[in-house]
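Here are a few worked exercises on ligand surroundings. Have your viewer ready, try each task yourself, and then compare notes with the solution.

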Amino acid sequence: MARLNNSKQSGGIPTHVAIIMDGNGRWAKKRGLPRTAGHTAGAATFRHITRYASRIGIKYLTVYAFSTENWKRPADEVNALMKLFHKQLVESLTDFRDDDVVVRFIGDKSGFSDNLQKLIAETEEVSKDRNGMVLNIAMNYGGRDEILRAAKLLCEDCMSGKISADDITKEMFAQKLYTANQPDPDLIIRPGGEARISNFLLYQAAYSELYITDTLWPDFSEDDLIRAIDYYSKRNRRFGGI
Ligand code: IPE
Ligand code: IPE
Ligand code: MG
């Protein structure tokens, strides 16, 4: 906590942090374990870091758990991930309740089993009136899908005569994204060392600061989060100005 106060003095902590939770497979491989063991370890990190983020005063946390492209993986890995999501959701309901976290899911929920969809709906419902950090879990999420969906929704509004195409603004567009009414991410963290965005928050990331670390997601610690925030607090954000 003391270290966090330091980072506050040097520029404040980000309002919205987004994390690409990458490196589970490599973490497992290094230990001679199956990739799924890496996902289990990554899930524990997710719960721990989420609670920590809420306790240090982050207002919005968005985590990338499963992309629209991750269905390409072998069926046994995808099945194991779906099982893990189910288990984690059930178990983390208590953690998140204790920390007053509002849980939301961003992505195309219709891609999941009925069971998982029900659990997702329940999780959102029981947490919606809480007052703590907003946690967006990006599952079956793709930035391009999200943008396309927004375009289709606006198109419907045009066709029905609610709006005209000329009147569409950036704000109206943002209102059709999964993250409507939320601030853009200030800081995007990518563990696992890859310096790419992998279809995450393409619209919202226009001016996000990027922090990439070689630490693999299952090893990502409270100190790693503090390091990322320290890095963020020293950035000079110009948003195209000088
Ligand atoms: C991220 O870890 C988890 C998901 C994409 C579901 P990976 O499984 O991509 O781990 P690496 O990148 O292969 O190490
Ligand atoms: C991004 O990781 C998606 C998630 C962490 C959920 P990937 O492992 O799927 O990304 P690439 O394939 O390295 O770009
Ligand atoms: Mg990966």
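**Exercise 1.** By class, how many nonpolar, polar and charged residues does the shell around ligand 1 have?

*Solution.* Keep in mind that this is a predicted model.

Step 1: collect the residues with a heavy atom within 4 Å of the ligand. For ligand 1 these are M21, D22, G23, N24, G25, R26, R35, H39, A65, N70, R73 and L81.

Step 2: sort them by class, with Gly counted as polar. The shell around ligand 1 then has three nonpolar, five polar and four charged residues.

**Exercise 2.** Which polar side-chain atoms lie within 3.5 Å of an oxygen atom of ligand 1? Give examples, then work out how the ligand is housed.

*Solution.* Step 1: start with D22, where a polar side-chain atom is 2.8 Å from an oxygen atom of ligand 1.

Step 2: go on to the arginines. R26 places a polar side-chain atom 2.7 Å from a ligand 1 oxygen, and for R35 the distance from a side-chain N or O atom to an oxygen of ligand 1 is 2.8 Å.

Step 3: turn to the cover. On its own, ligand 1 has 380 Å² of accessible area, and the protein covers 86% of it.

Step 4: locate the site and its elements. Ligand 1 sits in the largest pocket. Two or more residues of its shell come from each of α2 (24–30) and α3 (35–55), and α2 gives the most, with three residues.

**Exercise 3.** Now repeat the analysis for ligand 2. Which residues surround ligand 2, and which strand gives the most to its shell?

*Solution.* Step 1: list the neighbours. I20, M21, D22, Y64, A65, F66, N70, R73, R190, R196 and S198 surround ligand 2.

Step 2: classify them. This shell divides into five nonpolar, two polar and four charged residues.

Step 3: assign the elements. Strand β2 (residues 60–67) gives the most to the shell of ligand 2, with three residues.

Step 4: check polar side-chain atoms against the ligand's oxygens. S198 has one 2.6 Å from an oxygen atom of ligand 2, and R196 has one at 2.8 Å from a ligand 2 oxygen. For R73, a side-chain N or O atom is 3.3 Å from an oxygen of ligand 2.

Step 5: finish with burial. Ligand 2 taken alone exposes 390 Å², of which the protein buries 79%. As for its location, ligand 2 sits in the largest pocket.

Technical notes: Residues are numbered from 1 along each chain as its sequence is written. Chains are lettered from A and ligands numbered from 1 in the order in which they are written. This is a predicted model: local features need pLDDT of at least 70, side-chain atom pairs count only at pLDDT 80 or more; totals for chains, interfaces and linings use all residues. Side-chain values use heavy atoms; hydrogens and water are left out. A polar contact is a pair of N or O atoms within 3.5 Å; within protein, one must be able to donate a hydrogen and the other to accept it, and residues adjacent in sequence count only if both atoms are side-chain atoms. Accessible areas come from the Shrake-Rupley method with a 1.4 Å probe; for residues, only the protein chains shown count as cover. On a 1 Å grid over the protein atoms alone, a cavity is a set of points where a 1.4 Å probe fits but cannot get out, and a pocket is an open set with protein on both sides within 12 Å along at least five of seven lines; lining residues have an atom within 4 Å of a point. A molecule sits in a cavity or pocket if more than half of its atoms lie within 2 Å of its grid points. Helices (H or I, at least four residues) and strands (E, at least two) are DSSP runs, numbered from the N terminus.
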